[in-house]
Amino acid sequence: MVLRVALGWCLLARIAAGGLVSNALGSHMVLQRAPQQARIWGWSSAGTSVNVTFNGAQATTTADSVTGLWSYFLPATPAGGPFDIVIAGVNETVTITDVMFGDVYVCNGQSNMGIGMGFAVNYTKEIEDTVGLTDVRMFKVGQNADVVELPLDEFDSPAAVWARPTPTLIYGFSMVCWYFGTELYRSLGGTVPIGLLANPWATQIEAFLSPDAHALCPNPQPAYSNMPPGMNATHSQVYNVQVYPILRMTFRAMLFYKGEAEVGFDAYWECAVYNLILDYRSKFGHQFGFYYVQLHPWTTDLIEGRQLAFLRLRMGYGRQLSLPDVGWASNVDQGDPTSPQTPLHPRNKKEIGHRLQLVALRMSYGRDVQSQGPSAIGYTVQGITPSTVVKLSFSAASVGQGGLALRSAACPAGVSAQICAGFELRTSDDVWRPATAALGNDPHSVYLTASNPGSSGITDVRFGYGGWPLVPVFNGAGLPATPFWFNRSTVDPSAGILPAWGGVVTGTSPAASFGTGSTGPSAQLQLSSSSSFASDPERKAPSPETTETASEAQSALAASSADSSSGLSSLFATSPVASVASAVLALAVVAALLVLFAVRRRRRLRRRNSTELPHTADVPTSHQPPPLAISAGVSGQSSPSLSAQDSATPARQGGLSSSLKSVHVLRDSLRTFRMRSSGQHPAAGSATHPAPASES
């Protein structure tokens with residue numbers, strides 16, 4: 001019985017770390033400054049004392065009596081440094097040096113957040129201009145290509161530990177994250193160190209959700225069919241391997257560039273992001289800022305373009321914006337049809353980094369800066385014949401000083417005119433007509449003019465409804481107008497889109513549909529035909545093969561819940577012969593995990609003196625940039641060969657996942673042995689995996 005319990009714990013418990021100091025921490029790191037308290041943590045012998053020495057003061061904390069986890073909140077410390085932190089356990093002492101206190105930002109999302117500075121336009125100059133900003137520190141999380149069903153206490157494969165910038169590290173670091181951090185550092189006068197932790201992953205948003213948030217938003221999407229092997233992350237995988245290991249970290253805000261994989265599922269994106277924010281804030285234990293990107297144009301497909309338009313509208317008017325300290329930066333004018341990384345990956349990441357730091361300056365620092373473009377608040381019809389003239393008004397706050405400005409906007413070469421869309425008016429004869437914009441005496445309005453043969457009125461006004469918006473209106477800060485749709489002469493820019501035909505979250509109450517707690521699947525996803533656009537032939541519903549109805553979602557969740565509660569009992573419901581085999585295999589698994597623990601502990605100790613690990617850009621290998629050609633470094637440092645560092649990357653990855661796979665193989669062998677001993681025959685190629693362990 002004891003051996004059975006031990007085996008069950010090995011299969012279902014989280015993989016414990018074991019290092020005295022978490023590998024999310026280290027020399028050269030930036031910790032969150034006052035008024036917040038930064039936390040440090042790690043693992044020691046269960047129940048033993050851990051001594052922390054910081055800034056001339058000593059403190060003692062005790063490791064958990066079961067897990068060995070210890071953590072300690074440092075005193076609130078103003079911006080500055082460097083400091084040393086000494087952590088002493090029973091048989092080990094670790095000194096963390098060159099620690100700065102400032103503002104820490106986590107850069108999350110998919111491939112557009114991951115693409116490195118090596119793909120920047122004129123990247124050599126861009127790197128040379130920022131490599132001297134030594135108080136902007138960076139940490140890049142490596143991607144574990146294997147499915148990990150259990151949360152990891154530590155990163156399995158950090159691509160680069162905390163470090164000062166070097167040309168090679170900048171070259172492979174997230175372009176959006178680096179542009180954001182360096183411009184923010186300069187905007188703050190160079191007095192506040194900035195810590196940047198990049199942990200993107202190119203997959204669907206369900207992989208970023210914890211099991212609690214995932215239960216509130218069942219995913220109607222099919223799994224990626226075009227992802228390379230190992231990259232098709234399942235639900236909660238990114239959360240397990242890239243978010244869970246830093247749940248004890250204190251930081252200022254999270255940047256989120258995500259949604260490309262959710263085109264056609266705009267309501268699901270809204271539900272997922274809303275609950276992701278609430279769930280992350282609850283699990284991290286503090287209310288950090290959350291700043292995301294409204295997507296750029298990239299598609300040349302008519303239907304996909306209109307689905308992208310609806311997703312873009314949700315990003316501008318969705319429920320997530322009802323939460324405090326949530327903001328977004330528009331990328332609607334940054335389409336790049338000739339990008340060498342495909343139009344999905346525009347090259348001008350410097351502009352979106354600039355716009356995100358404007359959002360941070362306004363929301364995190366209270367600066368009086370313009371962070372969003374003109375936002376329409378209503379319209380009035382000025383005339384019907386011989387042409388329709390509409391006065392479109394924008395909020396004074398979104399226009400800012402200097403009033404509105406018009407720029408030329410044309411459909412890019414190679415993009416069909418059907419995909420491009422600027423301002424449009426729907427007349428009473430149910431025809432959409434393109435409209436031209438002109439400035440008037442009112443600094444907060446533009447006048448839209450469209451031909452109108454025989455029509456008697458206006459029913460709708462919209463802007464940016466297409467795969468490729470044509471953006472002619474900007475404010476004085478150079479930020480583009482926000483897409484909108486005024487439906488049936490309402491004064492709500494989001495009318496007709498929230499809710500919209502597609503995935504609509506419903507429930508017994510708003511609290512049940514978008515709950516803040518982990519109370520289970522109280523929300524359901526279904527098709528709605530009540531929307532005012534349900535009969536619009538331009539609006540395409542998800543195909544039956546990829547749409548999950550409410551009953552199917554509930555059945556799947558119920559089955560998942562039943563499997564997680566009964567899986568272990570069925571594993572041990574064996575015959576006497578299988579029980580003996582169970583005991584033998586249990587001993588083998590325990591021994592294997594003990595060896596794994598010792599090996600990983602030795603590896604951590606061996607790399608403690610290392611300050612830099614291989615660092616590669618999150619881009620397909622077919623789009624690798626040219627070799628780095630920078631001769632100048634920091635204070636005369638030479639630039640190491642990028643290819644030489646990259647060649648070591650595979651050797652660093654997959655250790656923990658391979659060991660976890662071995663546990664799965666042993667488990668499946670035991671299950672097969674039990675079935676055969678009882679006269680059953682498992683299906684060829686079948687395998688069963690344990691349900692994710694519940695959060696403690």
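A crossing of two helices is called right-handed if the near helix is turned clockwise from the far one by less than a right angle, and left-handed if it is turned anticlockwise. In this predicted model, helix 5 passes helix 10 in such a right-handed crossing. Helix 5 spans residues 175-187 and helix 10 spans residues 349-363, and their axes come within 8 Å and cross at roughly 50°. Helix 5 is therefore oblique to helix 10, since an angle of that kind falls outside the ranges counted as roughly parallel, antiparallel or perpendicular. On the side of helix 5, the residues in contact include Met-175, Tyr-179, Phe-180 and Leu-184, and those that they and their neighbours meet in helix 10 include Ile-352, Leu-356, Ala-360 and Leu-361.

A second place to look is strand 11, which covers residues 253-257 and has 5 of its 5 residues buried. In a regular strand the side chains alternate between the two faces of the sheet. Here both faces are covered, with Ala-253, Leu-255 and Tyr-257 buried on one side and Met-254 and Phe-256 buried on the other.

Strand 11 also has pairing partners. With strand 7 (residues 93-109) it pairs in the parallel sense over 5 bridges, and within this pairing Leu-255 is the bridge partner of Cys-107. Strand 12 (residues 289-294) likewise runs parallel to strand 11, to which it is joined by 4 bridges, and there Met-254 stands opposite Phe-290. Strand 11 and strand 12 also belong, together with helix 8 (residues 266-284), to a right-handed β-α-β unit.

How values were computed
Residues numbered from 1 in each chain as written. Predicted model: local features only at pLDDT ≥ 70, side-chain atom pairs only at ≥ 80, totals over all residues. Heavy atoms only, no water. Buried < 20%, exposed > 50% of the residue type's maximum accessible area, 1.4 Å probe, protein only. Helix = DSSP H or I, 4+ residues; strand = E, 2+ residues; numbered from the N terminus. Pairing = 2+ DSSP bridges. Right-handed = clockwise from strand over helix to strand, strands pointing away. Axes fitted to C-alpha atoms, helices over the stretch in contact; angles between N-to-C directions. Parallel < 35°, antiparallel > 145°, perpendicular 65-115°, else oblique. Contact = heavy atoms within 4.5 Å.
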